[in-house]
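Subject: A structure to look through

Hello! Here is the structure I promised to hand over. Please open it beside this email, and then read on for what was found in it.

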Amino acid sequence: MRFHKNVIRITLFLGIISWTLLVVTDLSLLFADINNMRPGIPAETRLVLLSLFFVSLFFYYRYITGRAERINFIDLLWRVFATGLLATIVSLTIVLFYNLLGDSRLSENLFLKSFFYHINIGLITAFLTSTIMVWKELILYQKSKRLIRLWQMFEYVLLISILLSFFPAANFQLLNNIILALLFILGVILSINLKWVAYLDFKQKWKSIIIMLAIAFFTLFFFYTLGRYSVSDIDSESYPLLPTDMMNVAYILAMFGFTFVYNIFSLLVILFNLPTSSVFEQKLEEVINFQRLSQSTQAGYKVDQIFEILLESSVKAVFADAAWIEVEHEDQQILLTKQVSADKVPVLKEQIREGALQSDGNKSGLGKPLLQRKDYRKSRKKHRLLQLPDYKSVLWIPLVVKNNNIGTLVVLKEVSDGFNKEMVSIIGTFASQACISVENFQLLSETIENERYKEELEIANRVHQSLLPKEPVSNEVFDIAAFSEAADQVGGDYYDIYQISEHKFIIIIGDVSGKGTSAAFNMAQMKGVFHSLAQLNLSPDQFLIYANSALSRCLEKTSFITASFFVVDTQQSTIEFARAGHCPTLFYDNTANKASFLENQGLGLGIIRSEKFNQYIEVTKVNYSPGDIVMLYTDGITEAANREHEQFGYERLRNFVEQHATENPKAIQEALLNSIFSFCNGNALDDDYTALIIKFK
């Protein structure tokens, strides 16, 4: 970027300096010639300065002309127009100036005429060079390697043509003609590259035509201006006005020719493409509208916004006079209209129904095409073409999402036969894409909802795990191992251990009815009740009575909790417990080497929400010895089933404990899980499963 700026500054400076020195040199040579003086300046000096001026302008405009990919085509053409207009105004001002002078002596002043001639040379060269560089950007739009090589060859030959000014025209006329012929051929080949014209809309093409006509006028005017200087009768042998006649310079002639040829080619192509501009723009708009429909879900559009795009796109695509969309989506009635009032829609629907009846010969299933969605499935038609009194052409298309017709798109035109096959196909494509976008919107909404649900479940699972003890209590009297797994991401099984004195511990295990988040919520309530009542040092039956009273006030009427409550006295070596409808406790007697179930009566918490609950609570007290095992569990373990629907059951659980009684609680826990999974043989567990294993030392 910095290099380009430096080149622009240097070339502009050289261009100004070389032109100024050229003017001074030519005026000095003219003065010496008029006064029969020997010039002190070599004749080749003016040729060097003229060539330096050409080259400086060439590279100056080459670097300041922006690329067509970054600049609007009209802006590029406008630059050429602005340069040509400025040069033309200056040139016409010079002509006007001489007309005002008339036959005065000043009008015959050779120095003044030579000065104005050099001004014209500078302006015309600037116009031609800037035009050539704009043509370059237009030609190289969507360039290829072959096209780049052709242009580079054209530039090299054009720059070489500058050197021909140093050789006498009479001796090198053949070379001059060869160079001009080669430049003409390359210019014609390059002039057929007009891909940029296809990207102009109708309005831009008209602007381009006007600008191109102006550029053609400027080119012809400047060619005439230089020609007029070349044949001027004041260019005599005694006083040569033109030290270098521009009409004999191959570089200038080549630029005139290429500027005019590409201008004519562009003008003709734009004129020939003008009638198809509206079609091209329509197709481009259809593509854009289709893209809008395709990306509507990603853009965050809602269903009604998607159908608004469909309605607008359909009306524009077929130049419709009116249209509406009627949709029933998720118990929401949507009516969108375009160029027709909502009050008139029922009237038009009635007319369409009558027209459908007449066209179908009163066949059933087609009489109410706009009202009965089931009729669409019977007709199996993607569209219908009808006529109405006010609208001679009516096209209606059912909107189908997930094989369900959710509504209708109706497009109306006042002319008869207003819809051809292409129009019907376009609107059908729009409607299909809109329905796909609606379906994607639904799927996206479901996905977002599922993701939100999963996130909530993960949070609930973390809360659920936080409600359970981190590490079960173990001491010199007993060891405990416990686990709890939910069938879903969260569950309703609960266990807890609380030490109320040095020798007394309370243990609870519970199972909330139901699954998922509601069960986890009730489990959290149970934990709160447990910790509140644990401070009171209650007996097992009192604890369950108070717990039933508390939970009955907050549980739903359809919910209940089964629980077993234990008080372990390590000083008395006793276990006192009560059961509220929970699974019977498994007790292993180490002395007898036998396991049995401790069963007593009890109803689940929340089943009876009155004082009658007290009648169903029974307290049991047992003594334990070293090596004895107490296993508390939920029904998810005993009801675990294999693929033959056979349950793990109580008997297998009892036999399991007897077989692994010599192991520590942690090993028993791992073996129990392996035994259950092996029994289920890959069949998923339907319920939460929890176990608490206590082994006395």
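**A loop with a turned residue**

His645 has its place in the loop between H16 and helix H17 (649-659); helices here (H or I, at least four residues) and strands (E, at least two) are DSSP runs, numbered from the N terminus. Before going further, please note that this is a predicted model, in which local features need pLDDT of at least 70, side-chain atom pairs count only at pLDDT 80 or more, and totals for chains, interfaces and linings use all residues. Residues are numbered from 1 along each chain as its sequence is written, and side-chain values use heavy atoms, with hydrogens and water left out.

Back to the loop: His645 is exposed, with a relative accessible area of 71%. The word "exposed" stands for over 50% relative accessible area, "buried" for under 20%, and "partly exposed" for what lies in between (1.4 Å probe, protein chains only). His645 also has a positive phi of about 65°, although it is not a glycine. Most residues other than glycine have a negative phi. Asn537 is not a glycine either, and its phi is positive at about 55°. You will find Asn537 in the loop between helix H14 (516-534) and helix H15 (540-552), where it counts as partly exposed at 48% relative accessibility.

Helix H16 (residues 635-638) holds Thr638. Is Thr638 buried or exposed? Its relative accessible area is 2%, so it is buried. Leaving aside neighbours within four places in sequence, Thr638 is in contact (heavy atoms within 4.5 Å) with Tyr633, Gln647, Phe648, Gly649, Tyr650 and Leu653.

**The chain as a whole**

The chain comes to 18 helices and 15 strands. Of its 697 residues, 50% count as buried. Take the contacts between residues at least 6 apart in sequence: 72% of them join residues at least 24 apart. The chain exposes about 35200 Å², and carbon and sulfur atoms supply 55% of that; the areas come from the Shrake-Rupley method with a 1.4 Å probe, and for residues only the protein chains shown count as cover.

**Two cores**

In soluble globular proteins, nonpolar side chains tend to be buried together. A nonpolar core is a set of buried Ala, Val, Leu, Ile, Met, Phe, Trp, Tyr and Cys residues joined through side-chain atoms within 4.5 Å. The largest one here has 76 residues, and those with the most contacts inside it are Phe54, Trp135, Leu138, Trp196, Met246, Tyr251 and Ile252. Several helices supply at least two residues each, including helix H2 (44-64), helix H3 (73-101) and helix H8 (250-273). Which helix gives the most to this core? That is H4, with 15 residues.

To see one spot of this core, click on Ile252: not counting residues up to four places away in sequence, it touches Phe54, Thr125, Leu128, Leu226 and Met246. A second, separate core has 51 residues, among them Ala482, Leu533, Leu555 and Ile694.

**Rings that meet**

The structure holds 35 aromatic pairs. Rings of Phe, Tyr and Trp (its six-membered ring) pair if their centres lie within 6.5 Å; planes under 30 degrees apart count as stacked, over 60 as edge-to-face and the rest as tilted. For Phe97 and Phe116 the ring centres are 5.7 Å apart and the planes are at 70°, so this pair is edge-to-face. Phe97 lies in helix H3 and Phe116 in helix H4, so the pair ties together parts 19 residues apart in sequence. Phe97 is partly exposed, at 31% relative accessible area, whereas Phe116 is buried, at 12%.

The rings of Phe154 and Phe258 have centres 4.7 Å apart and planes at 45°, so they make a tilted pair. Phe154 is in helix H5 and Phe258 in helix H8, 104 residues apart, so to speak of distant parts of the chain being linked is fair. Both of these residues are buried.

One aromatic cluster is formed by Trp78, Phe81, Phe127, Phe217, Phe218, Phe221 and Phe222.

Happy exploring!
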